[in-house]
Amino acid sequence: MKQLNYSITINADRSHVWETMLAPGKYEQWVKAFSEHSQFEGRWEAGATVKFVDPNMGGSKAILEIFEPPHCILAKHIAMISVDGNEDKDSEAALQWVGSTEKYLLTESDGKTILAIEMHTHPAFVEMFDTCWPAALNTIKSLCEQ
């Protein structure tokens, strides 16, 4: 696994960034950086099993190992989801993906929030994340600073 790090400073307090990032309607806006119709299925709580999916492309199933509002989320990916909704843990692509983690850390200073993303993933996904995360973070910043 390769560690990837992305961050952005947002002119808003941590609670506002947290709420905006996860709010229905706003979440879908920033995850468009990854796929046009991406959405979240499940509950935002520690230990929950969730799905990050685009009905046209499939997605990923994960466990929220850490969910500590408004500080930290750690999602561990446990399967890929096909377009027809089937879980895949055995294909070559799934074997590269399963075990990947994404961590969201929010720290606040002087009314500004640093949103940091730490990914551990297979090198095959680095180019995608290097393109998508900066775009997603810029959208989160824009949504929070409106």
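How many nonpolar, polar and charged residues does the lining of the largest cavity have? Let us work towards that, and then further into this predicted model, one exercise at a time.

**Exercise 1. Describe the largest cavity and sort its lining by class.**

Step 1. Start with the count: there is one cavity of 30 Å³ or more. The volume of the largest cavity is about 60 Å³.

Step 2. Find the residues around it. The lining is made of M21, L22, Y27, W30, W44, F52, L64, I73, A75 and Y104.

Step 3. Look for the elements that supply them. At least two lining residues come from each of α1 (14-22), α2 and β5.

Step 4. Now sort by class. The lining holds 10 nonpolar residues, with no polar and no charged ones.

**Exercise 2. Find the largest pocket and say which elements line it.**

Step 1. The largest pocket has a volume of about 530 Å³.

Step 2. Its lining consists of 22 residues, and those closest to the centre are F34, F52, G59, S60 and M128.

Step 3. Two or more lining residues come from each of these elements: α2 (27-30), β3 (49-54), β4 (58-68), β5 (72-81), β7 (101-109) and α4 (126-145).

Step 4. Sorted by class, the pocket lining has 14 nonpolar, six polar and two charged residues.

**Exercise 3. Trace how strands β2, β3, β4 and β5 pair.**

Step 1. Begin at β2, residues 39-41. This strand pairs with β3 in the antiparallel sense, over three bridges. On the ground, you can spot E41 opposite K51 in β3.

Step 2. Move on to β3 and β4. Their pairing is antiparallel and runs over six bridges. The two strands form a hairpin, with three residues between them.

Step 3. Check two positions in this hairpin. D54 lies opposite G58 in β4, and V53 has G59 as its bridge partner in β4.

Step 4. Finish with β4 and β5. Here nine bridges join the strands, again in the antiparallel sense. This pair also forms a hairpin with three residues between the strands. Follow G59 across to β5 and you reach its bridge partner, I81.

**Exercise 4. Decide whether S60 is buried or exposed, and list what surrounds it.**

Step 1. Locate the residue: S60 sits in strand β4. You have met S60 already, among the residues closest to the centre of the largest pocket.

Step 2. Apply the cut-off. The relative accessible area of S60 is 6%, and buried means under 20%. S60 is therefore buried.

Step 3. Look for polar partners. The side chains of S60 and H77 are joined by a polar contact of 2.6 Å. The side chain of S60 also reaches the backbone oxygen of A79, at 3.4 Å.

Step 4. Widen the view to other contacts. Leaving aside neighbours within four places in sequence, S60 is in contact with V50, K51, F52, V53, H77, A79, M80, I81 and W97.

Step 5. Connect this with the earlier exercises. Among the contacts of S60 is F52, which also appears in the lining of the largest cavity. Another contact is I81, the bridge partner of G59 in β5.

Notes: Residues numbered from 1 in each chain as written. Predicted model: local features only at pLDDT ≥ 70, side-chain atom pairs only at ≥ 80, totals over all residues. Heavy atoms only, no water. 1 Å grid on protein atoms, 1.4 Å probe; cavity = no way out; pocket = protein on both sides within 12 Å on 5 of 7 lines; lining within 4 Å. Points joined across faces, edges and corners; volume = space filled by probe spheres on them. Helix = DSSP H or I, 4+ residues; strand = E, 2+ residues; numbered from the N terminus. Nonpolar A, V, L, I, M, F, W, Y, C, P; charged D, E, K, R; others polar. Pairing = 2+ DSSP bridges. Buried < 20%, exposed > 50% of the residue type's maximum accessible area, 1.4 Å probe, protein only. Polar contact = N/O pair within 3.5 Å; in protein donor to acceptor, adjacent residues only side chain to side chain. Contact = heavy atoms within 4.5 Å.
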